[in-house]
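Please read the following alongside the sequence and the 3D structure. The account goes from the interior to the helix contacts and then to single residues.

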Amino acid sequence: MALTVSAVTRAVRGTFVSQGLSSLSLIDSVTAHEDLVVVGNPGYTTLITGNFDALIARVDSSPDDAKVFANTVWVSAVDSPEVRAKLEARNLDAILGCELNADALHASITTLLVEDRAASDRLVSGGMKVLTQAARRGGVTAVIAELTHRVNGWAVLLDPQGHLIASAGAGRLHVTDASAVALGRPVRVRHEGLQIHQVGSDRDIAGYLVIATRSGTMSHARDLASLAAELCDLLLRTHDPSKTDHLGREALMNTLLAGGTAALELLRRWGVHEHSLTAFALGSRSRTIDAERILRRWLHEMGAEYVFASQGGKLLGFVREDLVPSLLQRVEELRPVSGQRLHAGIGAATPGDNLAYSATQAIQALETALNDGQLVVHYERVSSVSLVLGSLADTSRTQLAQVLDPLRDSNGSHGDLTATLRVFLTENGRHRASADRLGIHRQTLTSRLQRVEDLTGLSLAQVDDRTTAWLALRAIDDESALR
């Protein structure tokens, strides 16, 4: 996690005297000033202890010695105007007036750093266990999704040519930046502070893992991402026989959705002899849930044929109408995985030669379940807004969501302005209720709404524009559910 100068200052109850060094600078180590020979890590700050007069004498002895102390912070119990003047004259940063003296102070800081590293190691170790479990459940995609959650940011996995393999968080918005940084292209990168981790060896590169954290530079995030890159290397080079099964199921599902006598014949060969079937769609906001493995177990327990396939990150399948309650009961009773649940959408019972009709209903119902946070949604309960969005092509939904792109922050995420707009529309334009729900003053609400109008060009006083804004919000929710 790497302690900062300010954290150490609080721990030793001293006062930080800066000559330009930020109090948020990360600490690398602590050493006696006479033992400091070279800068260990230019990106970190080194704490030094020892006799003040000896330190000043060494700094004054030669320009080379002065350079060694350029990124250090002297820590001591002493503090006086004379000491501060000498430090300022030599551009030395310090933490002065500490409660402990000499050896006790050095030992206390050493203990702090050791405990911090141990905590960081535990985070990395625990995170790696979860990443390994995610790899077993969902492969590379699940690893990237879980890594994003662990580092509180976004991640992009690229092939050696810079093409996207997988992304999570806001990673899909930053693929161009990630590719440019990974391949060293001479272009301007909008997002700063990206971490690049090579996947594979120099002689046999499998790709690049690029991450960004919202909490600044975190050593444990870098360590965890480095281990994740090695895990991705193993996954990318391991043959997955399930891919063949997935492709075969997709082909069979396409035949069923095409309908007609070919679909009926395939159902009979698949062991299904019912005249009509009901479509279901399963999905989750988290890619760490192995929905396919769970569904296989459920169908086995129910004594139903495995008539399902993966469709765009979701599972689409068909069961007898009398088995629907049993399936939905299992969805509702499934314990959360990484804080996320499995959601289900249910269509209407349809003849075997026209299953596409029920499948479309199930997918639209699932999208509503994901957007509204409901575990189970039947198509007949889907609102008209969801039906409108469900009837749009992916390109049209993306274009609709882009109406609110000007509200994104510097990280490409929707923040306070989007949340304010959502609450305002949910409260039917009532200013007092919206302000109370957001916990802000009404004048602040008015200022934010004016900012929304200025950035998007929408007029929240116009019914058509408010409808457009609401549809755009729902389209954004759909995009988030698919990541």
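The paragraphs below treat the nonpolar cores, three helix pairs and a few individual positions.

The model is predicted. A starting point is the largest nonpolar core, which has 25 residues. Within this core, Leu131, Ile144, Leu147, Leu157, Val199, Leu209 and Ile211 touch the most other members. At least two core residues come from each of helix H5 (102-151), strand S6 (153-158), strand S7 (164-168), strand S9 (205-213) and helix H7 (219-236). H5 gives the largest share, 10 residues. Another core lies apart from this one; it has 23 residues, including Ile289, Ile294, Leu327 and Leu328. In soluble globular proteins, nonpolar side chains tend to be buried together.

Val199 shows what surrounds one of the core residues with the most partners. With neighbours within four places in sequence left aside, Val199 is in contact with Leu157, with Ile205, Ala206, Gly207, Tyr208 and Leu209, and with Ala229, Cys232, Asp233 and Leu236.

The helix contacts come next. Two packed helices are described by the angle between their axes and the distance between the axes. Helix H10 (residues 291-302) packs against helix H11 (residues 324-333) at an angle of about 140°, and the axes are 11 Å apart. Because angles over 145 degrees count as roughly antiparallel and this one falls short of that, the pair is classed as oblique. The crossing of H10 and H11 is right-handed. On the H10 side the contact is made by Leu295, Trp298, Glu301 and Met302, and on the H11 side by Ser326, Leu327, Arg330 and Val331. By class, the residues of this contact are five nonpolar, one polar and two charged. Leu327 of H11 is also among the members of the 23-residue core.

Further along the chain, H15 (residues 416-426) packs with helix H16 (residues 431-438): their axes come within 9 Å and cross at roughly 135°. That angle makes H15 oblique to H16. The crossing of H15 and H16 is right-handed. From H15, the residues Ala419, Thr420, Val423, Phe424 and Thr426 meet His431, Ser434, Arg437 and Leu438 of H16. The contact of H15 with H16 holds four nonpolar, four polar and one charged residue.

Which residues of H15 are buried? They are Leu417, Thr418, Thr420, Leu421, Val423, Phe424 and Leu425. Ala419, which takes part in the contact with H16, has 37% relative accessibility and so counts as partly exposed, a class that runs from 20% to 50%. The C-alpha atom of Ala419 is separated by 9.6 Å from that of Leu473, a residue 54 places away along the chain. After H15 comes Asn428, whose phi is positive, near 55°.

H16 also packs with helix H17 (residues 442-456), at an angle of about 100° and with the axes 9 Å apart. H16 and H17 are therefore roughly perpendicular to each other. In this contact, His431, Arg432, Ser434, Ala435 and Leu438 of H16 meet Arg442, Leu445, Thr446 and Leu449 of H17. By class the contact of H16 with H17 has four nonpolar, three polar and two charged residues. His431, Ser434 and Leu438 of H16 thus appear in the contact with H15 and in the contact with H17.

Some single positions remain. Thr4 is found in the segment before helix H1 (5-12). Is Thr4 buried or exposed? Thr4 is buried, because its relative accessible area of 18% is under 20%. Outside its neighbours within four places in sequence, Thr4 is in contact with Ser23, Leu24, Ser25, Leu26 and Ile27.

Arg13, in the loop between H1 and strand S1 (15-17), is not a glycine but has a positive phi of about 60°. Arg13 counts as exposed, at 56% relative accessibility. Asn91 lies in the loop between helix H4 (81-89) and strand S5 (93-96), and its phi is positive as well, near 55°. Asn91 is partly exposed, with a relative accessible area of 48%.

Ser410 lies in the loop between helix H14 (394-401) and H15. Ser410 is exposed, with a relative accessible area of 70%. From C-alpha to C-alpha, Ser410 and Arg190 are 8.6 Å apart in space, although 220 residues apart in sequence.

How values were computed:
Residues numbered from 1 in each chain as written. Predicted model: local features only at pLDDT ≥ 70, side-chain atom pairs only at ≥ 80, totals over all residues. Heavy atoms only, no water. Core = buried A, V, L, I, M, F, W, Y, C linked by side-chain atoms within 4.5 Å. Buried < 20%, exposed > 50% of the residue type's maximum accessible area, 1.4 Å probe, protein only. Helix = DSSP H or I, 4+ residues; strand = E, 2+ residues; numbered from the N terminus. Contact = heavy atoms within 4.5 Å. Axes fitted to C-alpha atoms, helices over the stretch in contact; angles between N-to-C directions. Parallel < 35°, antiparallel > 145°, perpendicular 65-115°, else oblique. Left-handed = near helix turned anticlockwise from the far one by under 90°. Nonpolar A, V, L, I, M, F, W, Y, C, P; charged D, E, K, R; others polar.
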